[in-house]
Amino acid sequence: MRKIWMPVVAIVLSAAILLCVYNVLYDTRISNQQAELTGKLRELLPGSTEFVSESFVSEDACIQFVYRGETGFVIGTRARGYAGDIDMLIGVSSDGAVTGLQIRNMEETPGLGAEALTNVEFLSQLIYTTGDVAIAQSPTGVSAVSGATSVAETSGGKEIDALTGATVTSKAIVRSVNSAVAFVTGSSVSTAATSWGG
Amino acid sequence: MKNRFMLNTLLAIVVFVLLLCMMLLEVFLPAIILPAINIPLIVLISLVALLLDHLIAPGSRRSYVFIVIFSFVTFAVLPLMAGFACVHDFWRYGVVGCAVFTAVTFLFSSAVHRLKTGPKARAAVFAVAVGIFLASQVFSGMIL
């Protein structure tokens, strides 16, 4: 029992150091996050350099925040994926075309849904879309991207291929893109990519 | 150097180091996606602490009362101090972290006590840890 002081000291010291470091680096963290966000906004909406945070009213719970630039908007979205929420930034030009997108946070399965972070072939299908995007349904089920990309144009919308083994994640991302475009254009959100497994 | 409080001390150190690294990454690499504080991560932390405890003080006796108390405090307080949890998460992180750590400690200790001693014992201990980690990923996938 004499050595019970060891874990007590370890916990107290650890808590004190973490709290001190948190407070000391707080301002640095905020300024670095703001600088990174500003750079990312300019990247997602080419042609815009200054951004203003816009207050908004939206029935779509997917929309989290809105930044207005000279050439359009950057919309922050959150959609429910397979293992947690997927936070995204989506650049949409004033004429309703997606100019860029980035996944900011996700907890999807490594090797499956987490591939969405870096799978350029999947994400590039969403660039320059103008809303009403849906996951392509082949006769035997959902068609998927594993290497090559195939895109089928359908009347009134665009079908894209899902990530292999990550249909729920793919639909969540498409849902976010559709919501962002619908917010800018004022149209209704397509429900084609919203239902789990559907 | 058998000390039944060594495990809890090592747990606090491992959690501290992990949270400090995550804080620094969050400050200087704000675009990075940090791992969520979920069951597989808590299992990983627990296994690292258990392996260190086995290397430093093999065969230490376990006092599960103190394991429960100290692990609750560790998982409830340290993420709060590091800014990765709010006050509302205090009880959730504490209870879940305590339960997972206690369960992993029991499983690991039970398995290690049944291993034969000898030159291959250290590799077997690491294999037990890997097996428990993989099993926890399957389990968390089932309950999510």
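**Entry 1: the sheet of chain A**

I began with the hairpin in chain A, where β2(A) is joined to β3(A) through 3 residues. I note at once that this is a predicted model, and I read every value below as computed from it. The two strands of the hairpin run antiparallel, and I found 5 bridges joining β2(A) to β3(A). One facing pair that I looked up here is A:F65, which stands opposite A:G76 in β3(A).

I then followed the pairing outward in both directions. On one side, β1(A) and β2(A) pair in the antiparallel sense over 3 bridges, and the partner of A:V52 in β2(A) is A:R68. On the other side, strand β3 (residues 72-80) of chain A is joined by 9 bridges to strand β4 (residues 85-93) of chain A, again running antiparallel. In that pairing A:A79 stands opposite A:I86 of β4(A).

Put together, 5 strands of chain A form an open sheet in the order β1-β2-β3-β4-β5, with antiparallel pairing. The edges are taken by β1 (52-54) and β5 (98-105) of chain A, each of which has a single partner strand, so one side of each is left without a neighbour in the sheet. From one strand to the next the twist averages 25°.

**Entry 2: helices across the sheet**

Next I asked which helices of chain A lie across these strands. Helix α2 (residues 26-44) of chain A lies across β2 (63-68), β3, β4 and β5 of chain A, and I noted that it runs at about 145° to β5(A). Helix α4 (residues 167-185) of chain A also lies across β2, β3, β4 and β5 of chain A, running at about 40° to β4(A).

For the chain as a whole, I recorded 4 helices and 12 strands in chain A. Of its 198 residues, 45% count as buried. Among the contacts in chain A between residues at least 6 apart in sequence, 52% join residues at least 24 apart.

**Entry 3: salt bridges in chain A**

I turned to charged pairs, remembering that side chains of opposite charge can pair when their charged atoms come close. Over all chains the count comes to 8 salt bridges, and I looked up three pairs in chain A.

The side chains of A:E36 and A:R104 meet in a salt bridge, at 2.9 Å from N to O. Because A:E36 lies in helix α2 of chain A and A:R104 in strand β5 of chain A, this pair ties together parts that are 68 residues apart in sequence. Is each partner buried or exposed? A:E36 counts as buried at 17% relative accessibility, whereas A:R104, at 23%, counts as partly exposed.

The side chains of A:E54 and A:R68 also meet in a salt bridge, 2.9 Å from N to O. With A:E54 in strand β1 of chain A and A:R68 in strand β2 of chain A, the pair ties together parts that are 14 residues apart in sequence. A:E54 is partly exposed, with a relative accessible area of 27%, and A:R68 is partly exposed at 40%. I had already met A:R68 as the bridge partner of A:V52.

In the third pair, A:D87 forms a salt bridge with A:R78, and the closest N and O atoms are 2.6 Å apart. Here A:D87 is buried, with a relative accessible area of 15%, while A:R78 is partly exposed at 38%.

**Entry 4: chain B and its contact with chain A**

In chain B I checked the length of helix α2 (residues 39-56): at 1.5 Å a residue its 18 residues should span 26 Å, and its end C-alpha atoms are 26 Å apart, which agrees. I also listed buried residues of α2(B), among them B:L41, B:I42, B:I45, B:L50 and B:L51. The buried set is not purely hydrocarbon in its side chains, since I found B:S46 and B:D53 in it as well.

How many residues of chain B are in contact with chain A? I found 28 residues of chain B in contact with 27 residues of chain A. The area buried between the two chains is about 2,500 Å², of which carbon and sulfur atoms give 78%. B:V27, B:I33 and B:M81 supply 22% of the area that chain B buries against chain A, more than any other three residues. Lastly, I looked for salt bridges between chain B and chain A, and the count is 0.

Methods
Residues are numbered from 1 along each chain as its sequence is written. Chains are lettered from A and ligands numbered from 1 in the order in which they are written. This is a predicted model: local features need pLDDT of at least 70, side-chain atom pairs count only at pLDDT 80 or more; totals for chains, interfaces and linings use all residues. Side-chain values use heavy atoms; hydrogens and water are left out. Two strands pair if DSSP finds at least two bridges between them. Axes are lines fitted to C-alpha atoms, for helices over the stretch in contact, and angles run from 0 to 180 degrees between N-to-C directions. Contact means heavy atoms within 4.5 Å. The expected span of a helix is 1.5 Å times one less than its number of residues. Buried means under 20% relative accessible area, exposed over 50%, partly exposed in between (1.4 Å probe, protein chains only). Buried area is the accessible area (1.4 Å probe) that two parts lose on being put together, summed over both. A salt bridge is a side-chain nitrogen of Lys or Arg within 4 Å of a carboxyl oxygen of Asp or Glu.
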